[in-house]
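Reader: I would like to go through the salt bridges and the internal cavities of this model. Could we begin with the charged pairs?

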Amino acid sequence: MTSFSTRTLFNIGVAAAALYAAPAWAQDGSVSTEAQSTTNPVGGTAQPQEAAQGDIVVTARRREESLIDVPISMSVLSGETLREQGAVDITTLQDKTPNLTLQIARGSNSTLIAFSRGVGQQDPLWGFDPGVALYIDDVYVARPQGAVLDVFDVERVEVLRGPQGTLYGRNTIGGAIKYVTKRLGNEFAASARAAYGTYNQVDLIGQVTVPIGDTLSIGGAVARYWRDGYGTNLTTGVEHYNKDVLAARLSAEFTPSDTIFFRVAGDRVLDKSRPRHGTRLLPNGADARYLPTASVYDTRAGIGDTNRVLTQGVSATGEIGLSSALTFKTITAWREGETDTLIDFDNTALPTLDVPARYEDRQFTQELQLLFEGERIQGVVGLYYLNARAAGAFDTVVGLLNTTTLTSGEVKTKSYAAFGDLSLDVTDRFKVSAGVRYTQDTKRGTVFRRNYTGIRSPTFGNAAAVPGLIRTDYTNERDFKQLTPRVSLSYELRPELNVYGSYGKGFKSGGFDMRGDAVFTPTTVNGYDPEKIDSYELGLKGAFLDRTLFVNLAGFFSKYKDQQVTVQVPALPSGIASFVDNAGRADIWGMELETRIVPSRNFFATLALGYTNADYKEFLTFVGGGTTPVDVANQRVFQNTPEFTVNASATWSTDLAGGRLSFTPAVSMRSDVTLFEIPTPTLDQDGYVLLDASANWVSPDQRFTFGVTWRNITDARYRVGGYNFPGPFTGNSIIGYYGPPRTATASVGVRF
């Protein structure tokens, strides 16, 4: 493991910035003008040939705008660039975006954990809402299971930082990630790509668009991913950390006129990768079965190796131009998912602390928008409706006591919202934007928790288990209402140089703790309250040096209230007790800097710096079984929030064999991270550096592509998750989960 202190990491970032800036200057000290026609704004990661086509257009404010004009701190990454640089899945955004943490959840292969500017949610259990929202083509994905999206059939990804409660509503308190797929168009197109890499990685991806007449097109994309495991389950002998995913998307687009567009799309992802059991970090006695493994990717878990996650959905989008200034848009969507998984907390062959689990969810959403584009006024107003159900069950098996606790339940959610956001060009340079959203959530939670004597309950196959004490059995309903305004002022100091200031409010809905134990914490039946944030931001976006340098700079300050913190502790004989604190108050401040320099068609470079200072001012919780909350703010820290993030890359290109060859080295650095609010030195991750590189060749007609990518070149070992259940009856269970080792992949693509 490569360890860096915060100061060392900062110094490296400064050095990287200095090296990065150097190529912008010719030897005589003048600015190179070879790329003056390049129009790519800051935040984009398009290649120079893409940049020359015009400014990057984004939909952060639910309408098409140039990125440089949007008064929001955001990053945009093109799907093409993500593929060329070997992006494995959506979690790669963490290595390219400041102040962002995207990880695969502990014990999972496809559940997403997201934090932005210190705000997020680590617990993916049904009933808990994410703090950073994920959208696929403007459709909100309510559950994190199956949300680790692979990079195929994607045009771009937009990462919006800070609360987006006005236009995106509940649960965007930390930000939003928008996964935007390509429109089909009305010309025949087909492509195929194959890749082979380390650990027998095989990727097969195909896409096709077939026009039917002048107004209808049908298209589809399919992706198949295989990979052997990075390690081995030493108990069962099977591979560990493998990949087995099949993903598909089918869509139809109908465009009867220039002002009418309809699209129906369906997608399905089946993930049968084996469960990630992690690895033991501390021994439990001298027995070899309880010692840490030689490789962090190995495990001794005995619970089994079967895992299955299915997510699928269908959406219908319609856009109708009512006039030259008015457009009506409707977005209707249905999504559902099923998860069967296993977590071996003790990492031994015995059922010392095992958790078999299953989840299921479904959601229906309907959104109506009316967009206005006038000479000096632009904006959108709309209505939103969500009807969702998330349910599940799991056993907590404590083998040394021959006991099991079954936990099961569901949360039904109905959410209604009305919103509006308008921008006024007061002058040609001065613009004012204001918006507001009113949201009403109704949540109905049902929780059942019962002790059994025996290994596993009847729900998970042990019909002989003897039922015991019912610890929780209730159904309750709560309403949550919130007004979330946003206002921004922007001024164009000169063409292509904007400064802005903004204020926004966000909230994450309250709910019910699905693990709540009414014997230990009787108040669990009352649920927990929403969390809220007030965020202030100052920023600058601009192009300099004849459009060879693009800068996006933002500073933010947030007041965070009633943060929802899940605490799990060993509690015998029920195994593990859980409760949710509305912790209190915190101040979060920091900055983001993204720059891009394009001095010539043969070279460009990017640099992103992020800094987050998150400090609890009040953290109320129950200590040692007490009944009065105690303020422990001086003993708590923000989880999954490195103080510094640094990302840099450079691309050299040249003409070769009639085509174009490019080479891109990249570095990503993160300072120390704590995995939970209570610092745990055994689990917490020191700062680390990841080095990647890629080389790509494109034929003159852009029909053929060849590429090679290297990721984690130094083979660094870094933890992305963990569990902490020390004690004799839980097997001294302290286990960690790790990011991928060094890999290399070669790919070939063809377009028809």
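Reader: Which residue does Arg515 form a salt bridge with?
Author: Arg515 forms a salt bridge (a side-chain nitrogen of Lys or Arg within 4 Å of a carboxyl oxygen of Asp or Glu) with Asp123, and the closest N and O atoms are 2.6 Å apart. The two residues are 392 residues apart: Arg515 is in the loop between strand S26 (497-508) and strand S27 (531-544), and Asp123 is in the loop between strand S6 (119-121) and strand S7 (132-136). Strands are DSSP runs (E, at least two residues), numbered from the N terminus.

Reader: What should I know about the source of these values?
Author: This is a predicted model, in which local features need pLDDT of at least 70 and side-chain atom pairs count only at pLDDT 80 or more, while totals for chains, interfaces and linings use all residues. Residues are numbered from 1 along each chain as its sequence is written, and side-chain values use heavy atoms, with hydrogens and water left out.

Reader: Is Arg515 buried or exposed?
Author: Arg515 counts as buried (under 20% relative accessible area, 1.4 Å probe, protein chains only), at 11% relative accessibility. Asp123 is buried as well, at 5%.

Reader: And Asp517, which partner does it have?
Author: Asp517 forms a salt bridge with Arg449, with the closest N and O atoms 3.2 Å apart. Both Asp517 and Arg449 are buried.

Reader: How many salt bridges are there by this rule?
Author: The count comes to 47 salt bridges.

Definitions and conventions. Helix = DSSP H or I, 4+ residues; strand = E, 2+ residues; numbered from the N terminus. Buried < 20%, exposed > 50% of the residue type's maximum accessible area, 1.4 Å probe, protein only.
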